[in-house]
Amino acid sequence: MNRHCVIGILSAALTCAGSAQLSAREAASGSSDAPATNRQEAAYFLPAIAAGGGPVYVVPGEVTGDSTISLTTVTGVVCLRAGYCTNAAGISTPEDGSATPPGATSTFNAAIGGFSGTWNFGALLMSIEGVGTVQVFSANRANGLHSDSPPTTFSLIESSTGLPEVTSYRALGFPAFKLRNARITFFVADNDYSDNSGDFILSRVAPTLTYNTNSTKKIVQVLGPCDWAAWDFTPATKKKEASWGGCEPTAASGDPSQILGEDLGYSFEDPKAKKLVFLFGDAIGVEIPTGDSLVPTSSMCPPSTSPPTPQTTQCFVNFKAHDAIAETGLDSTAEDFHLNFLSVRDTGNGVPDEPLFVTPTNQQPGNIPVSMSTDDVPNSGINVNGQDYILVKTGHTAAGGGTYAYSVLVKYDPDATPAFPSGRTISTANVLTQECLEGKCFPLVAKDGHFVVPVPHQLPLAYAQQIGLSEPGVLIYGNGQYRNESIYLSYIPASQFWSGVDGKGNPSTRYFMGLDASGLPMWTENELCAVPVVYDNPTNLPVSPGCIVQKIDEPEPVDPGTVGNVSVSYNTMLSQWLMTWDGGRQSPSTAGIYFSYASEPWGPWSKPQLVYNPSQAAGYGEGFGNFLRYPATKTDDPCRSVAKSCGPEGPIIGTGDVPFTDEGADTVSTRRGAVYAPFQIERFANVHDDGTLSIYFNMSTWNPYTVVLMESDFNISSE
């Protein structure tokens with residue numbers, strides 16, 4: 001049987017003792033005027049097979065026994081074994097084929113959620129970590145005990161405000177307690193979950209995360225021997241000589257490396273090696289080991305002018321846009337962040353060894369090379385069942401750009417040979433087909449996939465069971481058209497991540513195609529039928545999601561998104577999924593870094609919040625002209641916050657082996673900085689005692705061509 005028992009939790013609200021008459025919103029926020037734009041109601045899906053309970057639900061802030069939780073309607077049944085189905089109070093119901101008479105109940109003794117008790121089989125249990133476990137609804141006559149037709153719908157009496165009455169945790173049976181950020185798990189009461197079916201659905205309101213205006217700031221430059229904003233190189237002109245400042249440290253300056261600059265900087269954890277692995281893209285290099293030596297005065301880098309300027313080509317290495325890897329320990333923090341770039345031993349010859357680059361083997365069958373040239377990058381990575389993987393974006397061409405780009409799954413083990421064996425293709429942006437009309441055929445570029453720029457995340461068992469998996473899964477977020485789509489979602493069982501197929505050889509990836517009326521995710525085997533899980537659409541342009549039908553007379557679905565790179569983390573302190581991306585390019589004033597959050601990885605996701613725009617950030621000293629180059633133009637910037645050319649000049653990529661060039665049309669002086677690839681470092685995030693959340697993300701800046709670690713802060717409230 002697969003009936004639903006629906007339990008509505010409007011809010012896990014905080015109130016002071018004696019104030020139980022507050023409305024749900026007032027109880028949560030202390031004000032009836034709390035912002036509603038980011039309020040997220042989500043389906044909390046509790047399968048009866050979940051022996052470990054459903055996902056943890058966090059109530060932010062201080063919670064006591066007199067704090068309240070507000071409950072609404074309960075409907076449906078769950079079945080613990082063939083012939084024994086119950087409502088949420090653990091009372092048997094007259095289901096077809098049931099061998100148990102209706103109105104009966106039975107109990108058992110067990111420890112659930114770490115606390116022993118006597119429970120009615122099939123009842124809904126609530127457990128607060130470190131406090132206790134209680135049965136939410138009693139098995140009594142009011143709930144159908146000894147009735148021939150026990151109710152399958154329960155309604156709490158509504159208050160005069162029209163909202164459900166609130167109930168304190170103490171009234172539910174919890175002992176006295178006082179906690180910050182209480183962690184709640186719901187269970188179906190049973191002692192053998194293997195033969196269960198059915199589920200409970202709880203509608204809950206997530207904590208509200210509101211961006212703290214002007215809080216986004218640079219913490220440290222991640223790459224390079226010197227902080228470029230402090231070094232502040234100015235090229236020589238006809239009227240004055242070149243100049244530069246001091247060499248301030250970066251996260252990488254303690255580890256001599258040939259890496260001068262790169263972008264991206266996605267990170268993932270390798271728990272066995274106890275390392276955070278960082279993946280960077282399209283390197284430019286330098287053969288001198290320290291920041292002071294960027295001024296080439298040695299015999300290896302003879303000066304080209306007097307006084308010397310860092311223009312000497314012998315000092316810089318053209319890495320042909322290869323992609324380096326760095327590591328740091330799992331004990332690193334945002335305040336103590338130091339990177340070590342991996343290198344190939346004994347290749348330095350008096351300077352730092354050559355970097356270890358991501359070099360996938362040819363794909364089989366077919367012996368197909370995996371290009372790692374310009375704009376072909378290790379976009380992201382993940383550790384699944386003890387194996388490190390890199391998700392590579394490749395197929396970029398000078399003529400077609402990313403039109404036919406695709407993503408490849410690659411294993412990664414720096415101690416193995418080969419270190420980067422290639423696997424399956426994950427997704428392809430477009431394919432070349434043909435359209436025939438009246439006997440004449442012509443080429444047609446057809447959309448094919450939505451995960452060419454992929455970002456994975458572990459799907460824990462508690463969430464995987466919600467969508468019918470019996471093992472953890474792997475989520476993949478992404479977009480197929482770089483800076484021309486919104487954000488899509490797929491999943492695959494973890495054991496099938498490498499192969500991409502199930503035991504029968506059938507593709508096992510499923511693609512998100514929206515939420516049903518109950519708030520549960522719907523999935524399809526057809527990648528083209530996927531719809532965005534989050535729209536990048538700040539200017540509210542028209543959208544029309546749906547399957548792409550390749551017919552001349554039917555328009556393709558409209559997705560106005562402009563997403564470059566997306567990043568998703570799971571914050572265990574709040575039990576919230578957090579997403580950042582660069583987008584909003586529909587208008588200069590809306591372009592920048594965005595943030596959204598959700599209780600479930602498939603949403604509903606909160607209304608996107610713009611947390612960083614370099615023009616706006618210049619107004620508080622954290623944007624253009626500060627650590628991003630801004631060349632003034634006739635059109636100027638959209639926010640008019642930068643009046644003249646300012647900010648660090650270089651290094652830049654794309655100028656051969658002269659990354660500080662000031663010759664030609666595109667130079668360190670004229671190239672405007674840009675922000676993209678806001679890759680979160682999941683373990684750096686922190687929930688503070690004052691009720692704020694801090695997230696940290698690597699962000700690329702284009703000019704200078706580097707990556708900086710950024711912080712954004714959010715106020716946490718409960719609704």
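Four strands line up as an open sheet in this predicted model, running in the order E33-E34-E35-E36 with antiparallel pairing. Sitting at the edges are strand E33 (566-571) and strand E36 (609-612), and each of these has a pairing partner on one side only. Direction ignored, neighbouring strands of the sheet are turned against each other by 30 degrees on average. Looking at one of the pairings, E33 meets strand E34 (residues 576-583) through 6 bridges, again in the antiparallel sense. Across this pairing, Tyr570 stands opposite Trp577 in E34.

Moving on to the loops, Cys226 turns up between strand E16 (217-221) and helix H3 (228-231). Cys226 has a relative accessible area of 0%, so the residue counts as buried, the cut-off being under 20%. As for its surroundings, Cys226 and Thr250 are separated by 24 residues in sequence, while their C-alpha atoms are 6.1 Å apart in space.

Tyr404 is another loop residue, placed between strand E23 (387-394) and strand E24 (406-412). Its relative accessibility comes to 35%, and Tyr404 is therefore classed as partly exposed, because that value falls between the 20% limit for buried and the 50% limit for exposed. On the surface, Tyr404 joins Leu432 and Val445 in making a nonpolar patch of about 280 Å². So the two loop residues come out in separate classes: Cys226 is buried, whereas Tyr404 is partly exposed.

How values were computed:
Residues are numbered from 1 along each chain as its sequence is written. This is a predicted model: local features need pLDDT of at least 70, side-chain atom pairs count only at pLDDT 80 or more; totals for chains, interfaces and linings use all residues. Side-chain values use heavy atoms; hydrogens and water are left out. Two strands pair if DSSP finds at least two bridges between them. Helices (H or I, at least four residues) and strands (E, at least two) are DSSP runs, numbered from the N terminus. Axes are lines fitted to C-alpha atoms, for helices over the stretch in contact, and angles run from 0 to 180 degrees between N-to-C directions. Buried means under 20% relative accessible area, exposed over 50%, partly exposed in between (1.4 Å probe, protein chains only). Patches are made of residues with over 30% relative accessible area and no salt bridge: like charges are joined within 9 Å, nonpolar side chains (Val, Leu, Ile, Met, Phe, Trp, Tyr) within 5 Å. Accessible areas come from the Shrake-Rupley method with a 1.4 Å probe; for residues, only the protein chains shown count as cover. A salt bridge is a side-chain nitrogen of Lys or Arg within 4 Å of a carboxyl oxygen of Asp or Glu.
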